[in-house]
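Okay, everyone, thanks for coming. Let me put the sequence and the structure up on the screen, and then we'll walk through them together.

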Amino acid sequence: MRSELILTDEQINHHLKEIDNWTIKKGKLFKAFKFKDFAQAFEFMSLVAIIAEMMDHHPEWSNVYNKVEINLVTHSEGGITRLDIDLAKKVDSQYLALEF
């Protein structure tokens with residue numbers, strides 16, 4: 001089992017500059033995504049699920065029609081780690097790859 005180090009507030013603020021429109025909400029990285037319809041939202045979630053499985057790091061998320069909200073935190077460490085930042089970047093890449 002890997003061990004990740006919790007990032008400091010300073011480190012998190014630095015990394016927030018690297019990931020578009022992610023914020024901190026209740027101690028977790030948070031971002032809301034909007035799609036043209038439910039099918040596109042589901043496609044996005046399916047693509048992210050594959051990445052999450054490969055990383056062995058899974059998001060907390062919810063979906064209502066064309067909106068997906070994602071929270072990232074490393075539960076085993078009790079905070080935000082580099083793993084969360086890396087997954088956020090991959091999530092953003094998948095979102096940008098979709099055609100609207």
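So, which residues have the most contacts inside the largest nonpolar core? They are Trp-22, Leu-29, Phe-44, Ile-70 and Val-91, and the core they sit in has 24 residues. Keep in mind as we go that this is a predicted model.

Where do the core residues come from? Helix 1, strand 2, helix 2, strand 4 and helix 3 each give two or more residues to this core. Helix 2, which covers residues 38-55, hands over the largest share, with six residues.

Let's zoom in on Phe-44, one of those well-connected core residues. Leaving out residues up to four places away in sequence, Phe-44 touches Phe-33, Phe-35, Val-68, Ile-70, Val-91, Gln-94, Tyr-95 and Leu-98. Two of the names in that list, Ile-70 and Val-91, you already heard among the residues with the most core contacts.

Now for the helix pair. The axes of helix 2 and helix 3 come within 10 Å and cross at roughly 150 degrees. Angles over 145 degrees count as roughly antiparallel, and therefore that's what we call these two helices. As for handedness, helix 2 passes helix 3 in a right-handed crossing. On the helix 2 side, the contact is made by Phe-44, Leu-47, Val-48, Ile-51 and Met-55. Helix 3 answers with Leu-83, Asp-86, Leu-87, Lys-90, Val-91, Gln-94 and Tyr-95.

Next up, helix 1, residues 9-16. Its buried residues are Ile-12, His-15 and Leu-16. Why do they line one face of the helix? Looking down the axis of helix 1, you'd see the buried residues fall within an arc of 105 degrees, so they share a face. Here's the textbook background: an α-helix has 3.6 residues a turn, so residues three or four places apart point the same way. And what does helix 1 pack against with those buried residues? The partners are strand 1, strand 2 and helix 3.

Over to strand 2, where we find Lys-28. Lys-28 has a relative accessible area of 21%, and buried means under 20%, so Lys-28 counts as partly exposed. Setting aside residues up to four places away in sequence, Lys-28 touches Thr-23, Glu-60, Asn-71, Leu-72, Val-73 and Ile-80. Lys-28 and Ile-70 are 42 residues apart in sequence, yet their C-alpha atoms are 9.4 Å apart in space.

Let's finish with the loops. Asn-21 is in the loop between helix 1 and strand 1. Its phi is positive, about 65 degrees, although Asn-21 is not a glycine. Is Asn-21 buried or exposed? With 57% relative accessibility, it counts as exposed.

Tyr-65 has a positive phi too, about 50 degrees, and Tyr-65 is not a glycine either. You'll find Tyr-65 in the loop between strand 3 and strand 4.

Which residues does Asp-37 touch, if we skip those up to four places away in sequence? Tyr-65 and Asn-66. Asp-37 itself is in the loop between strand 2 and helix 2, and it's partly exposed at 25% relative accessibility. Try finding Asp-37 and Arg-82 on the screen: they are 45 residues apart in sequence and 32 Å apart in space, C-alpha to C-alpha.

That's my tour, so over to you for questions.

Technical notes:
Residues numbered from 1 in each chain as written. Predicted model: local features only at pLDDT ≥ 70, side-chain atom pairs only at ≥ 80, totals over all residues. Heavy atoms only, no water. Buried < 20%, exposed > 50% of the residue type's maximum accessible area, 1.4 Å probe, protein only. Helix = DSSP H or I, 4+ residues; strand = E, 2+ residues; numbered from the N terminus. Arc of directions from axis to C-beta. Contact = heavy atoms within 4.5 Å. Core = buried A, V, L, I, M, F, W, Y, C linked by side-chain atoms within 4.5 Å. Axes fitted to C-alpha atoms, helices over the stretch in contact; angles between N-to-C directions. Parallel < 35°, antiparallel > 145°, perpendicular 65-115°, else oblique. Left-handed = near helix turned anticlockwise from the far one by under 90°.
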